[in-house]
Amino acid sequence: MLPETTAHVRILQQSWQQGKIIGEVRAGAYEWTFHWHFRQGKLRVHPSLGRALIFEPLGRFLEHSDYHLEPGGDYQFMLRTRL
């Protein structure tokens, strides 16, 4: 069985007019902020420490869920690694 870590996502802001979602994601001892520009398919994640661990899984989660995410909402997804 592969190790897993739960990633917790909180949506802070959302603008359909600007085509973006801003939020925070926590997994293990790491915390990041992200800006998802869904019309352009661009994701920015800060800080750079540990970014490579979360960038692709977070991008897949956002692409799959973006229309269901709401400001103030808390969401989660599984990472197939232990952080």
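Strands β1 and β2 form a hairpin with four residues between them. In the turn, G19 has a positive phi of about 70°. Here helices (H or I, at least four residues) and strands (E, at least two) are DSSP runs, numbered from the N terminus. The two arms of the hairpin pair in the antiparallel sense over eight bridges; two strands count as paired if DSSP finds at least two bridges between them. Among the bridge partners, S15 is matched with K20 in β2, and H8 with R26 in β2.

The model is a predicted one, in which local features need pLDDT of at least 70 and side-chain atom pairs count only at pLDDT 80 or more, while totals for chains, interfaces and linings use all residues. Residues are numbered from 1 along each chain as its sequence is written, and side-chain values use heavy atoms, with hydrogens and water left out.

**The sheet**

The hairpin is part of an open sheet of five strands in the order β4-β3-β2-β1-β5, with antiparallel pairing. The edge strands are β4 and β5, each of which pairs on one side only. From one strand to the next, the twist averages 25°; axes are lines fitted to C-alpha atoms, for helices over the stretch in contact, and angles run from 0 to 180 degrees between N-to-C directions. Strands of a sheet pair through backbone hydrogen bonds, either parallel or antiparallel. β1 also pairs with β5, in the antiparallel sense over six bridges. In that pairing H8 stands opposite Q76 in β5.

**The core**

The largest nonpolar core has 19 residues. Such a core is a set of buried Ala, Val, Leu, Ile, Met, Phe, Trp, Tyr and Cys residues joined through side-chain atoms within 4.5 Å. Buried means under 20% relative accessible area, exposed over 50%, and partly exposed in between (1.4 Å probe, protein chains only). The residues with the most contacts inside this core are V9, V25, F34, I54, L58, L62 and F77. At least two core residues come from each of β1 (5-15), β2 (20-27), β3 (30-37), β4 (42-46), α1 (51-65) and β5 (74-79). Helix α1 gives the most, with four residues.

L58 lies in helix α1 and is buried, with a relative accessible area of 0%. Contact means heavy atoms within 4.5 Å. Not counting residues up to four places away in sequence, L58 touches V9, V25, F34, L43, V45 and F77. L58 and F34 are 24 residues apart in sequence, and their C-alpha atoms are 9.2 Å apart in space. V25, with the same neighbours in sequence left out, touches A7, H8, V9, Y30, E31, W32, F34, I54 and L58.

**Salt bridges**

A search of the whole structure finds two salt bridges. A salt bridge is a side-chain nitrogen of Lys or Arg within 4 Å of a carboxyl oxygen of Asp or Glu.

| Salt bridge | N to O distance |
|---|---|
| D74 and R10 | 2.6 Å |
| E56 and R60 | 4.0 Å |

D74 lies in strand β5 and R10 in strand β1, so this pair ties together parts that are 64 residues apart in sequence. R10 is partly exposed, with a relative accessible area of 39%. E56 and R60 both lie in helix α1, four residues apart, about one turn of the helix. Both E56 and R60 are exposed.
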